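Please work through the exercises below with the sequence and the model at hand. Each task is followed by a solution in steps.

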Amino acid sequence: MIPRLPALGLALALAAGAQEPARNLRFSAFGTLGAARTDTALVGYRRDVTGYKGIFDKPAWDLDTRIGVQVSGRLGESLLATLQVVSRQRYDNTFRPDPTWATLSWTPTPGFQLRAGLLSFDNLPMGDLANVGYTYLWVRPPVEVFGPVPLSRMRGVDAERTFLLDSGAVLEVKAFHGSSVDKVTVDHIGEWDFRGGRLYGGAVKFTAGGFRARLGANFFRFPNDIPEPVPALQAYLRSFADLLRDPGLAASADAFGTRGRSLRSAQLSLAWEAGPWQAQGAVSRASSDNFLFQPAWSGFASLGYRVGKVVPYGMFARNVSRRAPLPYLGALPSLTGPLGPAARSLADTLTAITRARGVDQGTLTAGLRWDFAPQADLKFQVDRVRSHNATGLLYNPDPMRPSAWNGRETVVSITLDFILGGGR
């Protein structure tokens, strides 16, 4: 359902468009049609953590494919209403279309814009264009850098001020505040509801000729705990704490909670284009006050060279986080008697959940982009993934058992990107 404020803005825009439809309404569409496969059936490769189980060793179209439509209408000179709807793989393994933008933008003076409604969560160098594959060089944004982000949309406001410097450079300052509207899939557990979680942050962007730089930071507060069975496991742990009179077990149960805990991140990205060369990179740091989300560093570097309509490119990306320390389990692993089997099973499950939080993954990428028509391209990409943990960014079908996987995976992808019309 479209939020009330964006729906009102869209209704006003359509009313204005009914009076002057050719002048006030503008329609556009965009999309990526893709197919990809890996060389293993042991772990699944995912584009980001908001996806489902990922792809394995059979060709699949649901990893990168997405279709979007957008309509915008002006309400006079300073107001613009925009609605964008995108169909892509969701957390529940459906392709049900979702609104990604539903905004009312106000530009009272040149260089200043205020937006309200349903917005893209701006924590990526490509900003609002993360779903528009034609706007970036690769088949998909680097998984190690952008894959761990569980948020894509927010309901709230943002403000942006643009300064034209004497040197001809451009400085943009942006701030946002709102609440999340997303759900994500937690492997082997279920859907984690992030709706209502507080979000705020900002970014500074600098552009001079072919050079671009962006520095951003954001803050998120979890509105809910991880879904079942984690709350039930916490309850069992508290029961053993009472039975054994061990307050340390109660503290361990509390440590698995996420409600009210925070997730913070900061990002720096750089890009440079000169003649046929295209270079860009980013580094990100994320941390949390929950022990399951240990501090993590991620980054990528990409280089492309245009030869006519063809751009061969290469990229390396890496994500490394600390391993979460195992929770205090007291006497549970060695408890005997009638409660011994239940205690050991609980200890094993909590240990497996904790170990699954570590990430140490890197990808070496080679690809080719062919701009065969205006606003359309074909891309072919090969990713060589190496991971020291079959969880985290990847999907492990059975985390309770050791996998025969050797930590290496090759992903082959081909996509067609396009844009139709021109949005605002």
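The exercises that follow concern salt bridges, burial and backbone geometry in a predicted model.

**Exercise 1.** Determine which parts of the chain are linked by the salt bridge between R140 and D64, and whether the two residues are buried or exposed.

*Solution.*
Step 1. The closest N and O atoms of R140 and D64 are 2.8 Å apart. A salt bridge requires a Lys or Arg side-chain nitrogen within 4 Å of an Asp or Glu carboxyl oxygen, so the pair qualifies.
Step 2. R140 belongs to the loop between β5 (112–120) and α3 (143–146), whereas D64 belongs to the loop between β1 (25–38) and β2 (66–74). With 76 residues separating them, the pair links distant parts of the chain.
Step 3. R140 and D64 are both buried.
Step 4. The pair is also part of a network of salt bridges that links R47, D64, R140 and D383.

**Exercise 2.** Locate K379 and D417 in the chain, and state how their side chains meet.

*Solution.*
Step 1. The side chains of K379 and D417 form a salt bridge, with an N to O distance of 2.9 Å.
Step 2. K379 lies in strand β17 (residues 376–387) and D417 in strand β18 (residues 408–421). These positions are 38 residues apart, and the pair links distant parts of the chain.
Step 3. Both K379 and D417 are buried.
Step 4. By the same distance rule, the model has 17 salt bridges.

**Exercise 3.** Classify R90 as buried or exposed, and give the reason.

*Solution.*
Step 1. The relative accessibility of R90 is 8%.
Step 2. Buried means under 20%, and therefore R90 counts as buried.
Step 3. The side chain of R90 meets that of D98 in a salt bridge of 2.5 Å, N to O.

**Exercise 4.** For R245 and Q375, describe phi, the place in the chain and the exposure.

*Solution.*
Step 1. R245 is not a glycine, yet its phi is positive, at about 55°. Q375, likewise not a glycine, has a positive phi of about 60°.
Step 2. R245 is found in the loop between α4 (230–244) and α5 (247–255). Q375 is found in the loop between β16 (360–373) and β17.
Step 3. R245 has a relative accessible area of 76%; because this is over 50%, R245 is exposed. Q375, at 35% relative accessibility, counts as partly exposed.

Definitions and conventions. Residues numbered from 1 in each chain as written. Predicted model: local features only at pLDDT ≥ 70, side-chain atom pairs only at ≥ 80, totals over all residues. Heavy atoms only, no water. Helix = DSSP H or I, 4+ residues; strand = E, 2+ residues; numbered from the N terminus. Buried < 20%, exposed > 50% of the residue type's maximum accessible area, 1.4 Å probe, protein only.
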